[in-house]
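Biologist: I'm new to this one. Could you walk me through it and tell me how each label is earned?

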Amino acid sequence: MKLRSLLLSIAVMLLAMPGSAQTPLIADLSEHQIQITTGFVGTDVLLFGTVDPNSDVVVVIRGPEEETTVWRKGRYGGVWINDRRVAFQRVPSFYAVRSSAPLHAVASDVTRARDGMGAEFLRLGSVDEGVGEAELNDFRKALIRNKERQGLFATSGDEIAFLGGQLFRTRLHFPANVPT
C-alpha cells in the first residue's frame with residue numbers, strides 16, 4: 001500500500017511576528033510517497049521551506065480520525081480485570097507537533113485550542129455519558145500516554161530549525177505501526 005505525503009494532513013501554520021510583512025510560506029517534503037510493504041520498519045521525512053525572517057513555524061501532523069477505547073483496570077479478589085472504559089471519538093490515528101519555539105511562546109491558548117496545537121488541545125469527544133469531568137480528564141491523559149508509548153503521538157522530538165534566518169527544516173518520523 002502507499003501512504004501519500006498528504007494522507008496525514010499536514011498543516012503548517014505561519015505565525016508572523018507583529019509588525020512584519022507576511023510573505024508566502026513555501027514548504028515541501030523530501031518524500032512524497034512512502035511505500036508500506038511487509039518489510040516496512042518506519043521512515044523519516046524531511047519537511048523544509050522558507051518563511052519571512054523573524055517568523056515562527058508550527059507544523060501539526062494528524063492521521064485519519066478513529067474511535068478509541070481506554071480501559072482502566074481494577075483489582076477484585078486479588079485479580080486485575082478491566083473495570084471501567086471510556087470511548088473517545090475523533091482521535092487522530094497519528095499526531096505530531098513541531099515548532100520553532102515553545103508553543104506557549106508562539107501562540108495563545110485560544111489559538112492553540114482552535115488549531116489543535118499540542119495534545120492537550122486535541123478535541124476528543126467522549127461517547128460515554130455519566131463520566132465526570134475529572135475522571136474524563138484522567139482517561140484523556142491515559143489515552144495520550146498510551147499513544148505516545150506506541151509512538152503514534154509525538155509530542156516531543158526534533159524541533160524546527162532555521163538555517164540562515166529564512167530556511168527551516170524538521171524531521172518527521174513515521175513509525176512502523178503508523179496507520180495507512
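Modeller: Let's start inside this predicted model. Its largest nonpolar core has 22 residues, and Val-58, Phe-88 and Tyr-95 have the most contacts inside it.

Biologist: Which elements give two or more residues to this core?

Modeller: Those are strands E6 (55-62), E8 and E9 (95-99), plus helices H1 (103-106) and H3 (133-149). H3 gives the largest share, five residues. Apart from this core lies another, of 19 residues, including Ile-61 and Phe-168.

Biologist: What makes Phe-88 a core residue with contacts elsewhere in the sequence?

Modeller: Leaving aside neighbours within four places in sequence, Phe-88 is in contact with, among others, Val-70, Leu-124, Leu-136 and Phe-139.

Biologist: Why is Val-79 called partly exposed?

Modeller: Partly exposed runs between 20% and 50% relative accessible area. Val-79 has 46%, so the label fits. Val-79 sits in strand E8 (residues 79-92), and together with Tyr-76 and Ile-81 makes a nonpolar surface patch of about 270 Å².

Biologist: And why does Asn-82 count as partly exposed?

Modeller: Asn-82 comes in at 41% relative accessibility, so it counts as partly exposed. Asn-82 is also in strand E8, and touches Trp-71, Arg-72 and Lys-73 beyond four places in sequence. Trp-71 is eleven residues away in sequence, yet 6.2 Å away in space, C-alpha to C-alpha.

Biologist: How do you know where to be careful?

Modeller: The chain averages a pLDDT of 82, with 86% of the residues scoring at least 70. Over residues 1-20, though, pLDDT stays under 50. Where pLDDT is low, predicted coordinates shouldn't be read in detail.

How values were computed:
Residues numbered from 1 in each chain as written. Predicted model: local features only at pLDDT ≥ 70, side-chain atom pairs only at ≥ 80, totals over all residues. Heavy atoms only, no water. Patch = residues over 30% accessible without salt bridge, like charges linked within 9 Å, V, L, I, M, F, W, Y side chains within 5 Å. Areas by Shrake-Rupley, 256 points an atom, 1.4 Å probe, with all protein chains shown as cover. Salt bridge = Lys/Arg side-chain N within 4 Å of Asp/Glu carboxyl O. Helix = DSSP H or I, 4+ residues; strand = E, 2+ residues; numbered from the N terminus. Buried < 20%, exposed > 50% of the residue type's maximum accessible area, 1.4 Å probe, protein only. pLDDT = per-residue confidence, 0-100. Contact = heavy atoms within 4.5 Å. Core = buried A, V, L, I, M, F, W, Y, C linked by side-chain atoms within 4.5 Å.
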